[in-house]
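Q: Could you take a close look at one strand and describe how the sheet is built around that part?

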Amino acid sequence: MSDAAVMNDNRLAVLDHSRLRGKGNKAGEDRGRISMRDVDIVFDTASGPHIAVQSADLTVRPGEFLCLLGPSGCGKSTLMNTVAGFVKPSRGEVTVDGKPVTQPGPDRGMVFQQHSLFPWKTVMENVAFGPLMAGTSRREADSIARTFLSLVGLAAFENAYPNTLSGGMQQRVGIARALANYPSVLLMDEPFGALDAQTRTMMQENLLEIWSEFHNTVVFVTHDIDEAVFLSDRIVVMSATPGRIIADIPVELPRPREQSLITTPEFMELKRQCLDLIRQETLNAFEQQNRVG
Amino acid sequence: MDSKSNAALKTTEPETAEQAVPASPVTGSASPPPAANTPAATGRPSPAGLWFKATGSRYLVRVAALIAAVVFWQVASDNGFDFYINFNNIPAPTAVGSALMTELTGQEFYLHILHSMQRVAIAYGLAVVLGVVLGVAMGRSRWAEDIILPYIELLRPIPAVAWIPLAILMLPTEQASIIFITFLGALFPIVLNTTHGVEQTNATLIRAARSLGASNRAILWHVVLPGAMPSIVAGLAIGMGVAWFSLLAGEIISGQYGIGYYTWNSYTLIQYPQIIIGMLVIGGLGTLCTLLVRKACNPLLKWQAKGGQS
């Protein structure tokens, strides 16, 4: 079955609305605020310390869809990994909802670029893993998993093993798995980077549709300008070596968004803005490399 | 190799064409093409015919190769072939066969096999438990690896026979000595393969599990062990083979029973056909047990098969 056919699967999902944000649920209104203060990330390498990120200051509002955009190797994934709890900042502080991040946790769902599903678990077991770890009974976890699989249009594949699915389908399982814990923050590390162009566009629309239900905070790392403009409320552009935040661009395009958006003048203007910044950065990086080499 | 023999078993059974088709994702290139859906009467080759062309003919060659060796052996023994290798004192396959028939009618022979199986079962069981535990510890902890690895590297090259004197000196009974020697043989491949498998654990999967709220114990159970399973299973299969040939060495010291004892004793008593029977039984049982281990572990690895659905 093609990805397109699966996408249009009807939604049988019954989400637990008391755990969703942005559905008039006042208690959860403030969940998912990310704050980074003066963050440096330095790695020790054989040739001395390597500064991956330098004095990054960033606040992500609850329910905001933020894209970290930059050339490859600029430290955008590294910066996001401090929020996930995989990387400790060498200096500065990262907090989520006021609490300093010390380790990974189910309140911050993570979607990786590829091959992050447990190959020995079926699609359903993969999605049920988070709820199970949270202490839910197996029955309950399976029912949550079914809900989220139908949300991403893969209900028919619950008993399949990941290696039998296409790349796009695997990523949708990955999204379902991360969301099954109802995280207040969703961290996505170039999740569509390994997909072909058609699947990627479809996945972007699909993601926005799902997100419109959740409205949790999303940090989405990408080097694809179209993707960043199409998805986000706000684009934070990073420069390479050392990784620094060089621009913070609000994206005030109307939602819900569809692919027709990318030919509008407003979209083009934002894209041009990002393109200029990135090109300048890439040129600088090249020059720097040439000088070193 | 395994999946091929599996496919052979499936398709030789008298099945309808519809039943044969679901087997095709597993059998790969050796499987009948979707054309098998249409009745064989239309003139297309039947599934069995296709199976024979792709797989059956290869088995035929294998069996023929074995038969050729037996025929050569028979001829060489009958004619006293002596060209560097001397067949003069080697009993012919027919002599071995008739000796085997005699053994099969008595009770002794089965007791030998039973004693050996029992020793292998105990020794192998201990080796599996200790081997996997040590292997996981070494794969997960640098401390454990630094403490255990020197012992393994030092002791592993020592052949089973060389352990006999120490085993006799250290252990209270003959039975314990034999089991100890068999256990040692099985232990090393299991430990080393488990360690290797655990060290190969995919870091992204561990990150994914952590971000889903998994504890260290849950990560060990849900990520590390299943990920290491292909390697562990390989170690278990090799360990079973080594257990059998260590057993033979250990049973030199056995006073009464065991297929190894039977073989050594036949040599002492100059019963040449019995030596060959002993050798073949050890080879056969070793292969059989290794196959059983692989089959028993298959459910743990079903996720590896393309198209596998639970």
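A: Ile34(A) stands opposite Val60(A) in β2(A), and this pair is a convenient place to begin. The model is a predicted one, in which local features need pLDDT of at least 70, side-chain atom pairs count only at pLDDT 80 or more, and totals for chains, interfaces and linings use all residues. Residues are numbered from 1 along each chain as its sequence is written, while chains are lettered from A and ligands numbered from 1 in the order in which they are written.

Strand β1 of chain A covers residues 34-45 and pairs with β2(A) in the antiparallel sense over 9 bridges, where strands (E, at least two residues) are DSSP runs numbered from the N terminus and two strands pair if DSSP finds at least two bridges between them. Another position in this pairing is Val39(A), which stands opposite Ala56(A) in β2(A), and the connection from β1(A) to β2(A) is a hairpin through 2 residues.

β1(A) is also joined by 5 bridges to strand β4 of chain A, residues 91-96, and these two strands run antiparallel; here Asp40(A) has Arg91(A) in β4(A) as its bridge partner. In general, strands of a sheet pair through backbone hydrogen bonds, either parallel or antiparallel.

Taken as a whole, the open sheet of chain A has 4 strands in the order β2-β1-β4-β5, with antiparallel pairing. Its edge strands are β2 (48-60) and β5 (99-100) of chain A, each of which pairs on one side only.
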